Amino acid sequence: MPAPRPRKALDGIPLYRAGKPALTEEHKLSSNENPYAPLPGVMERAAAELGRMNRYPDAGMTALYGALSERLGLSAEHFAAGTGSVAVLFSLLTAHLEAGDEIVYAWRSFEAYPIAVDLTGATTVRVPLRADATHDLDAMADAVTERTKVVLVCTPNNPTGPVVTADELERFLDRVPDHVLVVVDEAYVEFVGDPDAAKGLDALAGHDNVVVLRTFSKAYGLAGLRVGYAIARPEVAESIRKATAPFTVTDVAQAAALASLDAQDALDERVAAIVRERGAMVEALRAQGWDVPRTEANFVWLPLGEHALDFATACDPVSVRPFAGEGVRISVGTPAVNAQLIELAGAWRSARG
Ligand code: PMP
């Protein structure tokens, strides 16, 4: 009897590699997590939902969509939430891609993209980042063909850090046909300080084919509860909701997301602290001689090439994220662990002259 076999599309799809555990959670700078405890009020409101675990969650996510709608000035039909923005992306691509279609994205970028795409059977067209680790949106527009259904734009780009500018994105959207969905992945948007940076919502206001992806995992510090969402025109948002399994985001997670939205002042303070630490880290690493690309996210990128794995090993007990042959991504953590990392990076460099 032949054994059950998964779809051919699964051949060659790697399992997603999560950041390695570290000596302590504080030493884990490998997953772009927020080093701070939950925002004020979050634990209480999430815990209050635990006693109702015999009930299914609010599948319509009424309160969450209502709060986002009020916050962002778009009606509730513009939102589609899921268990992290990565799950929302899987639903979006499931809804819009099939074998024979093409999708364009920059590379190196977020490593979940190829997994999500390959599951659909669509064909990936990767456009290399420019030498300064930024998206080459002109080359990406050139790569769009009549088969292209989706383009992914990751800004700030994971793992390298730079943003695309508003002008670049506008020029790109003007060149791309209206039936091509342009996904602007803003997982790290809260950390962006560059006034010239593209804003997904502004792009959506002018172009119906834009989808913005956001998450509560990074700045809001809810990575473990899994809440992310898309903002898109209502037909697109509905396509994502249709392609999502029922009852994904728990009431505990919905309550935590709502409480986080209510803690705006505390959020701003934390983001400011992380951005300050990021600046100090970049400055210290550059002073050691590292070629650190400009970063607008909660991580920095060291383009180490063939030395990536060696450097990551040398960072022990701090856990960082190596990309073999390319570089190492280091999340901004607490001041103490950032200082430890900077020292290790300096020692690694001087050991090599
Ligand atoms: N997009 C990008 C660019 C990311 O780096 C991440 C997290 N690593 C995500 C999306 C997904 O985040 P989550 O699923 O936790 O919302």
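Mentor: Quick heads-up before you ask anything: the domain bounds we'll use come from an automatic or database domain assignment. Also, this is a predicted model.

Trainee: Okay, how far apart are the centres of domain 1 and domain 2?

Mentor: First find the two parts: domain 1 is made of 20-36 plus 264-351, and domain 2 covers 42-261. Now take the centre of each over its C-alpha atoms. The separation between these centres is 25 Å.

Trainee: And which element gives the largest share of the side of domain 1 that touches domain 2?

Mentor: The contact takes 21 residues from domain 1 and 23 residues from domain 2. On the domain 1 side, α10 (264-287), β8 (299-302) and β9 (321-323) each supply at least two residues. The largest share is four residues, and it comes from α10.

Trainee: How many of the residues on that side of domain 1 are nonpolar?

Mentor: Let's sort the side that touches domain 2 by class. Six of its residues are charged and four are polar. The nonpolar count is eleven.

Trainee: Let's look at β8 and β9 again. Which strands are the edge strands of their sheet?

Mentor: Start with the order: it's an open sheet of three strands, β8-β10-β9, with antiparallel pairing. β8 is joined to β10 (residues 327-331) by four bridges, and L302 stands opposite V328 in β10. An edge strand pairs on one side only, and here that goes for β8 and β9.

Trainee: There's another open sheet, the one with seven strands. Why is one side of β1 and of β3 left without a neighbour there?

Mentor: Read along the order, β1-β7-β6-β5-β4-β2-β3, where the pairing is mixed. β1 (79-82) and β3 (123-128) stand at the edges. One side of each has no neighbour in the sheet because each has a single partner strand.

Trainee: Which residue in β7 stands opposite A81?

Mentor: β1 and β7 (residues 228-231) pair in the antiparallel sense, over four bridges. Helix α2 (residues 62-72) packs on the sheet here, touching both β1 and β7, and its direction makes about 130° with that of β1. As for A81, the residue across from it is Y229.

Trainee: Now helices α3 and α8: are they roughly parallel or roughly perpendicular to each other?

Mentor: The axes of α3 (residues 85-96) and α8 (residues 234-242) come within 8 Å and cross at roughly 100°. Where they meet, α3 brings V88, S91, L92, A95 and H96, and α8 brings S239, I240 and K242. Angles of 65 to 115 degrees count as roughly perpendicular, so that is what we call α3 and α8: roughly perpendicular.

Trainee: Which residues come nearest to the ligand?

Mentor: There are 13 residues around the ligand. By class, that shell has five nonpolar, seven polar and one charged. The ones that come nearest are G84, V86, T215, S217 and G228.

Trainee: Last one, on backbone oddities. Where does A133 lie?

Mentor: A133 has a positive phi of about 70° although it isn't a glycine. To place A133, look at the elements on either side, a strand and a helix. A133 sits in the loop between β3 and α5 (137-142).

Trainee: And what is the omega of the peptide bond from W107 to R108?

Mentor: R108 is placed in the loop between β2 (102-107) and α4 (112-120). The bond from W107 to R108 is cis. Its omega is near 10°.

Note on methods: Residues are numbered from 1 along each chain as its sequence is written. This is a predicted model: local features need pLDDT of at least 70, side-chain atom pairs count only at pLDDT 80 or more; totals for chains, interfaces and linings use all residues. Two residues are in contact if their C-beta atoms, placed from the backbone, lie within 7 Å. Ala, Val, Leu, Ile, Met, Phe, Trp, Tyr, Cys and Pro count as nonpolar, Asp, Glu, Lys and Arg as charged, and the others, Gly among them, as polar. Axes are lines fitted to C-alpha atoms, for helices over the stretch in contact, and angles run from 0 to 180 degrees between N-to-C directions. Angles under 35 degrees count as roughly parallel, over 145 as roughly antiparallel, 65 to 115 as roughly perpendicular and the rest as oblique. Two strands pair if DSSP finds at least two bridges between them. A residue is near a molecule or strand if its C-beta atom, placed from the backbone, lies within 6 Å of it.
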